[in-house]
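Q: I would like to learn how to read a few features of a structure, one at a time. Could you take me through them?

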Amino acid sequence: MVQYEWQRVADALERRIRAGEIPPGGRLENERELADVYRVSAGTVRRAVRELRDRGLVETLPAKGSYVVDQGDA
């Protein structure tokens, strides 16, 4: 099955969140940093973060960044 790059990035970030590497309330790296880490475009990172929001794992605050949601609250 073909997997889009945004799915690969979203899955990798989800694994980090579930492993506790990024704890509840923790902030994800900014788009440029994530793009560098995963070697993808900023647009791909944006789509991956949108997927994490859809999965209920993060919330994005305008001009602040994306933060991991406490799964007890999700």
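Q: Let's begin with Glu51. In which helix does Glu51 lie?
A: This is a predicted model, so everything we discuss is read from predicted coordinates. Glu51 belongs to helix α3.

Q: Does Glu51 count as buried or exposed?
A: The idea is to compare the relative accessible area with a cut-off, and buried means under 20%. Glu51 has 17% relative accessibility, so it counts as buried.

Q: And which residues is Glu51 in contact with, leaving aside its neighbours within four places in sequence?
A: Those partners are Trp6 and Ala10.

Q: Now to Leu57. Where does Leu57 lie, and is it buried or exposed?
A: Leu57 sits in the loop that links α3 to β1 (58-61). Its relative accessible area is 0%, so Leu57 is buried.

Q: What surrounds Leu57, once neighbours within four places in sequence are left aside?
A: Its contacts include Glu14, Ile17 and Arg18, along with Leu52 and, further on, Tyr67, Val68, Val69 and Gln71. For Val69, look at the backbone too: its C-alpha atom is 5.4 Å from that of Leu57, although the two residues are twelve apart along the chain.

Q: Let's turn to α2. Which residues of helix α2 are buried?
A: In α2 (residues 31-38), they are Leu34, Ala35 and Tyr38. They span an arc of only 100° around the axis, which means that they lie on the same side of α2. That buried set packs against α1 (5-18) and α3 (42-54).

Q: Which exposed residues are on the face turned away from the buried side of α2?
A: That face carries Arg32, Asp36 and Val37.

Q: What should I look for at the ends of α2?
A: At the N-terminal end, Asn30 acts as a cap, with a side-chain oxygen 3.0 Å from the backbone nitrogen of Arg32. Just after α2, Arg39 has a positive phi of about 55°.

Q: How do I describe the way two helices pack?
A: Two packed helices are described by the angle between their axes and by the distance between those axes. For α2 and α3, the angle is about 105° and the axes are 9 Å apart. That angle makes α2 roughly perpendicular to α3.

Q: Which residues make the contact of α2 with α3?
A: From α2 come Glu31, Leu34 and Ala35, and from α3 come Ala42, Val45 and Arg46. By type, the residues of this contact are four nonpolar, no polar and two charged.

Technical notes: Residues are numbered from 1 along each chain as its sequence is written. This is a predicted model: local features need pLDDT of at least 70, side-chain atom pairs count only at pLDDT 80 or more; totals for chains, interfaces and linings use all residues. Side-chain values use heavy atoms; hydrogens and water are left out. Buried means under 20% relative accessible area, exposed over 50%, partly exposed in between (1.4 Å probe, protein chains only). Helices (H or I, at least four residues) and strands (E, at least two) are DSSP runs, numbered from the N terminus. The arc is that of the directions from the helix axis to the C-beta atoms. Contact means heavy atoms within 4.5 Å. A polar contact is a pair of N or O atoms within 3.5 Å; within protein, one must be able to donate a hydrogen and the other to accept it, and residues adjacent in sequence count only if both atoms are side-chain atoms. Axes are lines fitted to C-alpha atoms, for helices over the stretch in contact, and angles run from 0 to 180 degrees between N-to-C directions. Angles under 35 degrees count as roughly parallel, over 145 as roughly antiparallel, 65 to 115 as roughly perpendicular and the rest as oblique. Ala, Val, Leu, Ile, Met, Phe, Trp, Tyr, Cys and Pro count as nonpolar, Asp, Glu, Lys and Arg as charged, and the others, Gly among them, as polar.
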